[in-house]
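Hello,

Here is the structure I said I would pass on. My notes on it follow below.

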Amino acid sequence: MLALVAVALANADGRTGASLSNLLSVRSDRRVVVVITFAAFILNAVVAAVLGSVANRMIGQGVAALLVAFAMLSAVVALLWRDRAVPSDADQAPPALLAGRMLVTQFGDRSHFLIGALAATSGAGVWAAAGGLVGWTIAMLPFLAFGPALREKRAARIVRGASAAVLLIWALRTALGAFGLIGGSA
């Protein structure tokens with residue numbers, strides 16, 4: 001559940017949803033694009049979950065909590081940072097090249113960093129990956145339904161700022177808990 005909420009908040013800016021919406025509007029093989037996008041996310045989420053579960057056995061809970069705090073802080077920065085440039089030829093790439101590009105583009109994404117960090121705190125990598133996938137999908141749905149122009153609306157900017165604020169508070173609380181300055185770390 002923590003991964004679902006954290007990943008949904010971290011993707012509240014709609015970058016992925018708007019990017020996928022743009023890609024779906026210009027390509028004729030929409031189902032293939034959706035399958036490739038989800039497969040790339042799932043593969044990276046599984047890798048992050050496995051590495052997080054391994055880290056759970058190797059590091060202490062305080063260090064794992066600091067890893068979660070750092071992952072949340074990086075998500076805050078990503079939410080507030082300007083957009084990255086999207087490759088312009090993705091709409092014409094063959095499916096195999098698109099799959100490779102999606103896999104590499106999503107590698108190290110804030111969602112996967114959060115999944116790995118949360119798996120490191122609990123050791124439940126499968127649940128972290130599953131929650132992350134659901135959170136990522138929930139965050140994309142409004143932008144897939146209403147298009148990428150939704151990102152520029154005032155309400156979307158408010159949601160993005162509120163998500164960043166929630167993640168920042170959550171990160172600070174987790175870091176303070178890791179150092180024992182407040183009750184147990186979450």
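**Helix α3, the core and helix α4**

V46 lies in helix α3. Please keep in mind throughout that this is a predicted model.

V46 is a reasonable place to start. Its relative accessibility is 41%, so V46 counts as partly exposed, falling between the 20% limit for buried and the 50% limit for exposed. Together with I42, V50, V54 and M58, V46 makes a nonpolar surface patch of about 450 Å².

Two other residues of α3 are worth a look. L43 is found in this helix and is partly exposed as well, with a relative accessible area of 46%. L43 and A129 are 86 residues apart in sequence, but their C-alpha atoms are 9.6 Å apart in space. N44 also belongs to helix α3. Is N44 buried or exposed? The relative accessible area of N44 is 8%, which is under 20%, so N44 counts as buried. Leaving out residues up to four places away in sequence, N44 touches L103, Q106, F107 and H112.

Next, the interior. The largest nonpolar core has 38 residues, and those that touch the most other members are M72, L98, L114, I115 and L167. At least two residues of this core come from each of α1, α2, α3 (30-58), α4, α5 (95-106), α6, α7 (125-146) and α8. Which helix gives the most to this core? That is α3, with seven residues.

L114 shows what such a core residue meets. Apart from neighbours within four places in sequence, L114 is in contact with A6, V7, A10, A71, M72 and A75. Among these contacts, A71, M72 and A75 are also listed as buried residues of α4.

That leads to helix α4 itself. It covers residues 61-80, 20 residues in total. From its first C-alpha to its last, α4 reaches 29 Å, close to the 28 Å expected at 1.5 Å a residue. The buried residues in α4 are A64, A65, V68, A69, A71, M72, A75, V76, A78 and L79. What do the buried residues of α4 pack against? Their partners are α1 (2-10), α2 (15-26), α6 (110-122) and α8 (154-178).

If you open the model, two places to begin are the surface patch that includes V46 and the core around M72 and L114, both of which are among the residues touching the most other core members.

Regards

Technical notes: Residues numbered from 1 in each chain as written. Predicted model: local features only at pLDDT ≥ 70, side-chain atom pairs only at ≥ 80, totals over all residues. Heavy atoms only, no water. Helix = DSSP H or I, 4+ residues; strand = E, 2+ residues; numbered from the N terminus. Expected span 1.5 Å × (residues − 1). Buried < 20%, exposed > 50% of the residue type's maximum accessible area, 1.4 Å probe, protein only. Contact = heavy atoms within 4.5 Å. Core = buried A, V, L, I, M, F, W, Y, C linked by side-chain atoms within 4.5 Å. Patch = residues over 30% accessible without salt bridge, like charges linked within 9 Å, V, L, I, M, F, W, Y side chains within 5 Å. Areas by Shrake-Rupley, 256 points an atom, 1.4 Å probe, with all protein chains shown as cover. Salt bridge = Lys/Arg side-chain N within 4 Å of Asp/Glu carboxyl O.
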